[in-house]
Amino acid sequence: MGTVYYNRTGFPIQAYLTVILDYLERGYYREREVEYGLAKRGKISWSKTIKTQRPVIRDDEAFYLDFVTRKNAFNENQLITLIHQYCVAESFEKAGWLFTNARPQKPVIKRNEKMFKAVLRDKLDKTFNDRNKLLFRAMLQIIDYLQNEDMPLKYMYGTYRFEYVWEALVDRVYGIKDKAFYFPKTTWKVKEEKHDNASLEPDTIMLYGKDFFVLDAKYYKYGATGLISDLPSSTSINKQITYGEYVANKIAGTGDVYNAFLMPFDSLEAQWNTGEIVCVGEATGNWRENDKPYEHIQGILVDVKYLMQITVREDSNEILRMAESISQAVKGSYRSD
């Protein structure tokens, strides 16, 4: 197995995106600001010369010893364009796939970090255009990143903590926005003073009709292993029952309350080879009567790719599908008891 690079935070993704977006809108950077300077010869700007230079008066005639002339910076201006071309090509190689399959031309200039940075810093000092400043700073960040020898030659996109992504996906597709109302709360009373504790916070509250669904996104590996030991433990089960009981007693009214663990899986794997949403079983508490729907916590597998796709298209019918999967499984459990 290859070397694993962990906790690398140096990749300047925002700088790469800035260069790409600027290029897609404006194309390659070309110097448009005219530079002037003092010189004995050259294309004279008489208006600037008269305004800024003091003439020498001789025999009632005015003579200028220095002139404000238009600076010939063709080579320098062409250089900043070439550096921009290099940064654009580098940016598309790393992050261009986020926008398009097309690729810009290969850079003509070879990388020279010291020279690139000197030109960019000079441009930053001289420009008053905020957009150009943002572009030059992004280009500098890219050059700094490429110059850092401690960075790995291979880079990757992703996360080592996909459980947070899984929770966000579940909440985005199935959940309501204001779920704090459904948090069970506790209080200590000590010496006549009340002290509120932090609330228990369920991952997702889903509503369908009059019914309430308390969903706990568990990034567990049961979908890959099929082992009972990879299902949620008693701690999670008891906590989920508490959530359901609180909603049923304080909020639900005439609606039913259901509980479910949502876990990831690959529906195309041989051991499953089934639909994108599968109910694999249920958890109950031996200390309960188990005569309430929320006491029958369903274990639901959701295909990872499928969940990511429906997150993008935001299909409200998915709530109906999930609600029916859970409620029918619970009703089937009652019939089998």
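# Exercises on cores, strands and salt bridges

Val 19, Ile 83, Leu 120, Phe 136 and Met 139 touch the most other members of the largest nonpolar core, which has 29 residues. A nonpolar core is a set of buried Ala, Val, Leu, Ile, Met, Phe, Trp, Tyr and Cys residues joined through side-chain atoms within 4.5 Å. Buried means under 20% relative accessible area, exposed over 50%, and partly exposed in between (1.4 Å probe, protein chains only).

This is a predicted model, in which local features need pLDDT of at least 70 and side-chain atom pairs count only at pLDDT 80 or more, while totals for chains, interfaces and linings use all residues. Residues are numbered from 1 along each chain as its sequence is written, and side-chain values use heavy atoms, with hydrogens and water left out.

## Exercise 1. The cores

Task: which elements give two or more residues to the largest nonpolar core, and what surrounds Met 139?

Solution.

Step 1. Helix 1 (13–26), helix 3 (74–95), helix 4 (113–126) and helix 5 (130–147) each give two or more residues to this core. Helices (H or I, at least four residues) and strands (E, at least two) are DSSP runs, numbered from the N terminus.

Step 2. Helix 5 supplies the largest share, nine residues.

Step 3. Leaving aside neighbours within four places in sequence, Met 139 is in contact (heavy atoms within 4.5 Å) with Val 19, Ile 83, His 84, Cys 87 and Leu 120.

Step 4. A second, separate core has 22 residues, among them Trp 166, Tyr 174, Ala 217 and Ala 260.

## Exercise 2. Phe 99

Task: where is Phe 99 found, and which residues does Phe 99 contact?

Solution.

Step 1. Phe 99 is in the loop between helix 3 and helix 4.

Step 2. Its relative accessible area is 36%, so Phe 99 counts as partly exposed.

Step 3. Apart from neighbours within four places in sequence, Phe 99 contacts Leu 17, Ile 20, Leu 21 and Leu 24. Phe 99 and Leu 21 are 78 residues apart along the chain, and their C-alpha atoms are separated by 9.1 Å.

## Exercise 3. Strand 9

Task: how many residues of strand 9 are buried, and which strands pair with strand 9?

Solution.

Step 1. Strand 9 (residues 257–265) is mostly covered, with nine of its nine residues buried.

Step 2. In a regular strand the side chains alternate between the two faces of the sheet. In strand 9, Val 257, Asn 259, Phe 261, Met 263 and Phe 265 point one way, while Tyr 258, Ala 260, Leu 262 and Pro 264 point the other way.

Step 3. Strand 8 (residues 211–217) runs parallel to strand 9 and is joined to it by six bridges; two strands pair if DSSP finds at least two bridges between them. Val 214 stands opposite Asn 259.

Step 4. Strand 11 also pairs with strand 9 in the parallel sense, over six bridges. There, Ile 300 is the bridge partner of Leu 262.

## Exercise 4. Salt bridges between distant parts

Task: how many salt bridges does the structure hold, and which parts does the pair Asp 144 and Lys 117 link?

Solution.

Step 1. There are 15 salt bridges, a salt bridge being a side-chain nitrogen of Lys or Arg within 4 Å of a carboxyl oxygen of Asp or Glu.

Step 2. Asp 144 and Lys 117 meet in one of them, at 2.9 Å from N to O. Asp 144 is in helix 5 and Lys 117 in helix 4, 27 residues apart. Asp 144 is partly exposed at 35%, whereas Lys 117 is buried at 13%.

Step 3. Glu 245 forms a salt bridge with Arg 288, with the closest N and O atoms 3.0 Å apart. Glu 245 lies in helix 8 (residues 234–250) and Arg 288 in the loop between strand 10 and strand 11, so this pair ties together parts 43 residues apart in sequence. Arg 288 is buried at 16%, and Glu 245 is partly exposed at 27%.

Step 4. A network of salt bridges links Asp 22, Glu 25, Arg 26 and Arg 131.

## Exercise 5. Glu 295

Task: is Glu 295 buried or exposed, and which backbone atom does its side chain reach?

Solution.

Step 1. Glu 295 lies in the loop between strand 10 (277–283) and strand 11 (297–303).

Step 2. With a relative accessible area of 2%, Glu 295 is buried.

Step 3. The side chain of Glu 295 reaches the backbone nitrogen of Asn 290 at 3.0 Å.

Key
Polar contact = N/O pair within 3.5 Å; in protein donor to acceptor, adjacent residues only side chain to side chain.
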